[in-house]
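Hi,

Here is the model I promised to pass on. Have a look at it first, then read my notes underneath.

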Amino acid sequence: MGMILCREVRMNRVFALVNPIVVALAQSFLHGLISHQIVVLEFKGRRSGRGYALPVSFVRNDGEVFCMTDRKGIWWRNLQGAVPVQLTLAGRTVQATACVEVDDEQQIGAALRLFCLRSRISAFFAGVSIEKDGEPNSADLARSARQQILIKLSEDV
């Protein structure tokens, strides 16, 4: 248990250093280097009112943008309840509404499958192995879906 906690602390430190660089890159003329896989979510803290800008992986699905994160994280709680957010997506800034799915493991699993099919790196970080036919392992998907939350982003029209 202590080793896992130590790993999480190290990863949080790495993200604290890397995230501002990725945000700046996503908002620059060089966004094409990462904009196929990274969107920047900007939102305000529910209680603090503090502004946050976080780069997250995404996939598109039926007009929505899906992002996922580990359930243990706390930042996503600021997005519960159809919260307005700003996205930097493919070099442009758009207004959107974020909806968080915490309970529907089938919906989370289906979105996680899309992530895993698109990126082996996403599968690796989610702990999902890929079968020889290219499909994510269903037992791994089910287990990981219980550890993830889904953030659905719909562009405001």
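Below is what I found in it.

It's a predicted model, so local features need pLDDT of at least 70 and side-chain atom pairs count only at pLDDT 80 or more, while totals for chains, interfaces and linings use all residues. Residues are numbered from 1 along each chain as its sequence is written, and side-chain values use heavy atoms, with hydrogens and water left out.

On confidence: the chain averages a pLDDT of 86 (the predictor's confidence in each residue, from 0 to 100), and 92% of the residues score at least 70. Helix 1 (residues 2-26) is lowest, with a mean of 69, and helix 4 (residues 138-145) highest, at 94. Helices (H or I, at least four residues) and strands (E, at least two) are DSSP runs, numbered from the N terminus.

Now the sheet. It's open, with 7 strands in the order 2-1-5-6-7-4-3 and antiparallel pairing (two strands pair if DSSP finds at least two bridges between them). Strand 2 (51-57) and strand 3 (59-61) are at the edges with a single partner strand each, so one side of each has no neighbour in the sheet. Strand 4 (residues 64-70) and strand 7 (residues 148-155) are joined by 6 bridges, and valine 65 sits opposite leucine 153 in strand 7.

Helix 2 packs on this sheet, touching strands 2, 3, 4, 6 and 7 (contact means heavy atoms within 4.5 Å). Helix 2 (residues 105-118) also meets helix 4: among the residues involved are Ile108, Leu112 and Cys116 in helix 2 and Leu141 in helix 4. The contact divides into 5 nonpolar, 2 polar and 2 charged residues (Ala, Val, Leu, Ile, Met, Phe, Trp, Tyr, Cys and Pro count as nonpolar, Asp, Glu, Lys and Arg as charged, and the others, Gly among them, as polar).

Cheers

Notes
Axes fitted to C-alpha atoms, helices over the stretch in contact; angles between N-to-C directions.
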